[in-house]
Amino acid sequence: AFSPDGRSLASASADRTVRLWDTETGETRHVLKAHSLIAYGVAFSPDGRLLATASMDKTIRLWDVESGKELRVLLGHDDVVRAVAFSPDGLMLASAGYDRTVRLWEAATGKLLKTLTGHKDWVSGAVFSPDGRMLASTGKDGLAIIWEVATGAELWRLRGHGQWVNAAQFSPDGRLLATA
């Protein structure tokens, strides 16, 4: 994931680390000893100050980008956490897990706000709409589900893929959703 200003790049690795890279020099800024198992997903907060990481160890970790210091660990998933995404305003963090759930967290405190259930298999991705009102999740069950963030209600269940839907992205105006 690129930081909002494009000056940093975060990469997650099977070596259990997350690396923060300087995009101008290509040098490593920080090596975060992130997780006890494979690190899967990374996401910068909209202001670029926080980094969220997801892991096979069932945790989400929040980091201070400038110092590389771990700020908190979010616990709640019962299996691998595959992806993380910040809301456009930076107030919420979504996590997608192999426990078939999407979880919404208060970014400032790590408090669990909602658990969204509806997928029949692994949830592999989560992305907020540009206005933050909707969240799309993708899964191994071949579905993309669009949720209303405020209520946690399922709005649409999108079918069409024959297998695992690995990723989704809203168009800049929030009217379209691409899935892969």
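This is a short tour of a predicted model, strand by strand, with something to select at each stop.

Before you click, note that residues are numbered from 1 along each chain as its sequence is written, and that side-chain values use heavy atoms, with hydrogens and water left out. Because the model is predicted, local features need pLDDT of at least 70 and side-chain atom pairs count only at pLDDT 80 or more, while totals for chains, interfaces and linings use all residues.

**Stop 1: β5**

Select residues 50-55, which make up strand β5. Strands here are DSSP runs (E, at least two residues; helices are H or I, at least four), numbered from the N terminus. Is β5 mostly covered or mostly open? Mostly covered: six of its six residues are buried (buried means under 20% relative accessible area, exposed over 50%, partly exposed in between, with a 1.4 Å probe and protein chains only). Show the side chains and you'll see L50, A52 and A54 pointing one way, with L51, T53 and S55 pointing the other.

Now add residues 39-44, strand β4, which pairs with β5 in the antiparallel sense over five bridges (two strands pair if DSSP finds at least two bridges between them). To get your bearings, look for V42 opposite T53. Then add residues 59-64, strand β6, joined to β5 by five bridges and also antiparallel. Here A52 stands opposite L62.

**Stop 2: the turns**

Stay with these strands and look at how they connect. The β4-β5 hairpin has five residues between its strands, and G48 in the turn has a positive phi of about 80°. In the β5-β6 hairpin, with three residues between the strands, K58 has a positive phi near 75°.

Next, pick D47 in the loop between β4 and β5. Which side chain does the D47 side chain touch in a polar contact? That of S45, at 2.6 Å (a polar contact is a pair of N or O atoms within 3.5 Å; within protein, one must be able to donate a hydrogen and the other to accept it, and residues adjacent in sequence count only if both atoms are side-chain atoms). A polar atom of the D47 side chain also lies 2.9 Å from the backbone nitrogen of R49. If you like, draw a C-alpha to C-alpha distance from D47 to G26: 22 Å in space, with their positions 21 residues apart in sequence.

**Stop 3: β8 to β11**

Four strands form an open antiparallel sheet in the order β8-β9-β10-β11. At its edges are β8 (81-86) and β11 (112-117), each pairing on one side only. Inside it, β9 (residues 92-97) and β10 (residues 101-106) run antiparallel, joined by five bridges. Find S95 and you'll have R103 opposite.

**Stop 4: β12 to β15**

Another open sheet of four antiparallel strands runs β12-β13-β14-β15. Its edge strands are β12 (123-128) and β15. Select β13 (residues 134-139) with β14 (residues 144-148) for an antiparallel pair over five bridges, where A136 faces I146.

On β12, zoom in on S124. S124 counts as buried because its relative accessible area is 4%, and its side chain reaches the backbone oxygen of V165 at 2.8 Å.

Finish on β15 (residues 154-158), home of L158. L158 counts as partly exposed because its relative accessibility is 34%.
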